[in-house]
Amino acid sequence: MSTQAATKPAGSRRPAQFALPAFLRSRWARLTMIVVGILLAYGLPILRPPVLTTTGSDFGGVMVEAASYALVAVGLNIVIGYAGLLDLGYVGFYAVGAYTTGVLTSEHWHWPFFLALPLAIAATMVTGVILGAPTLRVRGDYLAIVTLGFGEIIRLVVTNVGWLGAAAGIKDIPPPPSVGPNPIGPTGGLFTIPRWNWDTFPPTFDSDHGTRFLKFGVLDAVPYYWVALTALVLVLIGDRLIKASRVGRAWEATREDEDAAELMGVSTFKYKLLAFALGAAIGGLSGSLFASRNGYINPQTFQIVLSMLFVSAVILGGAGNRWGAIAGGVLVAYLPERFRSFSDWRYLVFGLSMMLLAIYRPQGLLPPRRTRRAMQAEEEIEELEGTANVV
């Protein structure tokens, strides 16, 4: 037995490599699958599958929350997953985007939402630069402490500044403009999209409880979900492009070994500041959408616990993987509502679910390629050590 082990090549026993199914090896097949997946994501509040639909709360509102958290997680993934910076005060950028929208559209001016949106993004990006410029020279736990303080400072500022509504907050924030007629009530918009009714088999279309296409109001959250999902798709396209560029490679080098990256000529401070600014801009985008959807914001909305949930979404989904960040954001928003039937116990069930994921899948649900390669290398080393012991 030992002779056979000694003569066998050391690298011949490798863990089985994951191979794509034959029908996904074509570029067009993968593109088709992506398009179908996007269409299904847009149609989810209309299809209302029985397994996924929440019974204790409005499913459209839950989907808006899930899309918003996924958007936030993608932005925070740039900071944590790509650049390796631990940001515990991300809710501060979320608040800046929301308050900028509230001030421009309701509190002091009456701008339309889509005119205020780019300014909210720009203001949040500038805030990220202002915060990052003096603080990104520290690392690790010190950076986490500074960002944690930033999130609390933003909340205290909006609580005590009367120009920003103080503790009373800002109300009457208008929604995005509707397309087509916009009367009060369940009519308006361009046309009605019927929902599927699963009470019968086969399922039927329910036109009486349909969604008015692109009519924004308090009665139906589905149009807000479509806006948030569209923003998420656009951000994902930009995320993919920048990750594959020189900037993405600089982030990876900085994350793995900042001192070595500096020696190789990478301006780590500049690229960390860029990651901070881009992450902040996406957080501001999501905060602006949140303010427009709710119509009312106050300082208590932006507690530091939100930052913990955002970080949990990125870590549990798989830091460094954009799809993992999306999955984590959706789960963090969706699971508490799915367990609403447990009443006061639902947060316990949610917390236990997160703990089990952290214990049995510490690398996240969808770890990035570098993590998978590291796991494979560890398995190969363990296998080689076992072969050497047999010899």
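The following exchange explains how several surface and aromatic features of this predicted model are classified.

User: How are residues numbered, and which residues of this predicted model count?
Analyst: Residues are numbered from 1 along each chain as its sequence is written, and side-chain values use heavy atoms, with hydrogens and water left out. In this predicted model local features need pLDDT of at least 70 and side-chain atom pairs count only at pLDDT 80 or more, while totals for chains, interfaces and linings use all residues.

User: Why is Y82 called buried or exposed?
Analyst: Buried means under 20% relative accessible area, exposed over 50%, and partly exposed in between (1.4 Å probe, protein chains only). Y82 has 1% relative accessibility and therefore counts as buried. W251, at 0%, is buried as well.

User: What makes the pair of Y82 and W251 stacked?
Analyst: Rings of Phe, Tyr and Trp (its six-membered ring) pair if their centres lie within 6.5 Å; planes under 30 degrees apart count as stacked, over 60 as edge-to-face and the rest as tilted. A search of the whole structure finds 18 aromatic pairs. In one of them, Y82 and W251 lie 6.1 Å centre to centre with 20° between the planes, and the pair is stacked. Because Y82 lies in helix α3 (residues 59–82) and W251 in helix α8 (residues 246–256), the pair ties together parts that are 169 residues apart in sequence.

User: Why is the pair of F213 and W226 given its class?
Analyst: The ring centres of F213 and W226 are 5.8 Å apart and the planes stand at 50°, so this pair is tilted. F213 is partly exposed, at a relative accessible area of 24%, whereas W226 is buried at 9%.

User: What makes E378, E379, E382 and E385 a patch?
Analyst: Patches are made of residues with over 30% relative accessible area and no salt bridge (a side-chain nitrogen of Lys or Arg within 4 Å of a carboxyl oxygen of Asp or Glu). Like charges are joined within 9 Å, and nonpolar side chains (Val, Leu, Ile, Met, Phe, Trp, Tyr) within 5 Å. E378, E379, E382 and E385 gather in a patch of negative charge on the surface. Among them, E382 counts as exposed at 55% relative accessibility; E382 is placed in helix α14 (residues 369–390).

User: Which residues form the positive surface patch, and how do you know that R369 is exposed?
Analyst: R240, R369, R372 and R373 form the positive patch, to which α14 gives the most, with three residues. R369 lies in helix α14 and has a relative accessible area of 61%, so R369 is exposed.

Methods
Accessible areas come from the Shrake-Rupley method with a 1.4 Å probe; for residues, only the protein chains shown count as cover. Lys and Arg count as positive and Asp and Glu as negative; His and the chain ends are not counted. The place of a charge is taken as NZ of Lys, CZ of Arg, CG of Asp or CD of Glu. Helices (H or I, at least four residues) and strands (E, at least two) are DSSP runs, numbered from the N terminus.
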